[in-house]
Amino acid sequence: MTTPEHERDEDAVRRYVESLALILTQIGLARMPSRVFAALMVTDSGKLTAAELADQLQVSPAAISGAVRYLDQVGMVAREREPGGRRDHYRVFDDMWYAAFLKRDRFMIMWRDAATEGVSTLGDETPAGKRLSVMADFLAYVIKEIPAMFDRWHELQKAKEAAEAR
């Protein structure tokens, strides 16, 4: 059960947003997209306008614009406009990890294909060709395993939901 946002300790929430953003930055995400993503994750609705994000994070609308553009490109947020509305809303979905990894799957296929092309270009007996071959093999393995991993994840989620419904 979630606590309505108006009953939250807003200072604690702000500290958590910055803490999560710092961790995301440490693992490679740029600072502003990290902060925007963290801010969206802590809202019960999972969506905010650019103005709301700018106000909450105390940054310029331009900073928000660049961050949400990046997050949208990598599949971490979606841009929506409500019927008749004039403002875009940026949303994270409860299952956004699935969608983000599907997008990454396409990138891994492109990366694998580029590595395979490099092996053909450099020769599979050269040190560089061998290195690219290992990369291509690893990416091929991951690409093959991702659908099974998604299936297992969905089964775990179904079991969890069934247990919570009891």
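**Exercise 1. Is Asp11 buried, partly exposed or exposed, and what is the relative accessible area of Asp11?** Then describe the salt bridge in which Asp11 takes part.

*Solution.* The model is predicted, and the values below are computed from it.

Step 1. Asp11 has a relative accessible area of 45%; because partly exposed is the class between under 20%, which is buried, and over 50%, which is exposed, Asp11 counts as partly exposed.

Step 2. The side chain of Asp11 forms a salt bridge with that of Arg14, with 2.8 Å from N to O, and this falls within the 4 Å cut-off.

Step 3. Both residues belong to helix α1, which covers residues 10–26, and since they lie 3 residues apart there, about one helical turn separates them.

Step 4. Arg14, with a relative accessibility of 43%, is likewise partly exposed.

**Exercise 2. Describe the salt bridge between Lys158 and Glu155, and place the two residues in the secondary structure.**

*Solution.* Step 1. The side chains of Lys158 and Glu155 meet in a salt bridge with an N to O distance of 3.7 Å.

Step 2. Helix α6, made of residues 127–165, contains both partners, and their spacing of 3 residues corresponds to about one helical turn.

**Exercise 3. Which residues are linked with Arg79 in a network of salt bridges?**

*Solution.* Step 1. Asp88 and Arg79 meet through their side chains in a salt bridge of 3.8 Å, taken from N to O.

Step 2. Arg79 is exposed, its relative accessible area being 52%.

Step 3. The network joins Arg79, Arg81 and Asp88, while the structure as a whole holds 10 salt bridges.

**Exercise 4. Set out the order of helices and strands, and compare the radius of gyration of the protein chain with that of a compact globule.**

*Solution.* Step 1. The protein chain has 6 helices and 3 strands, which follow one another along the sequence as α-α-β-α-α-β-β-α-α.

Step 2. For 166 residues, a compact globule would have a radius of gyration near 15 Å, whereas the protein chain has 20 Å.

Step 3. Along the principal axes, the C-alpha atoms fill a box of roughly 65 × 45 × 35 Å.

Step 4. Buried residues make up 32% of the 166 in the protein chain, and the accessible surface comes to about 11,300 Å², with 57% of it belonging to carbon and sulfur atoms.

Step 5. Among contacts with a separation of 6 or more, 53% are between residues 24 or more positions apart.

**Exercise 5. How far apart are the mean positions of the positive and negative charges of the protein chain?**

*Solution.* With 23 positive and 26 negative charges in the protein chain, the two mean positions are 3 Å apart.

Terms used: Residues are numbered from 1 along each chain as its sequence is written. This is a predicted model: local features need pLDDT of at least 70, side-chain atom pairs count only at pLDDT 80 or more; totals for chains, interfaces and linings use all residues. Side-chain values use heavy atoms; hydrogens and water are left out. Helices (H or I, at least four residues) and strands (E, at least two) are DSSP runs, numbered from the N terminus. The radius of gyration is taken over C-alpha atoms; the globule rule is 2.2 Å times the number of residues to the power 0.38. Buried means under 20% relative accessible area, exposed over 50%, partly exposed in between (1.4 Å probe, protein chains only). Contact means heavy atoms within 4.5 Å. Accessible areas come from the Shrake-Rupley method with a 1.4 Å probe; for residues, only the protein chains shown count as cover. Lys and Arg count as positive and Asp and Glu as negative; His and the chain ends are not counted. The place of a charge is taken as NZ of Lys, CZ of Arg, CG of Asp or CD of Glu.
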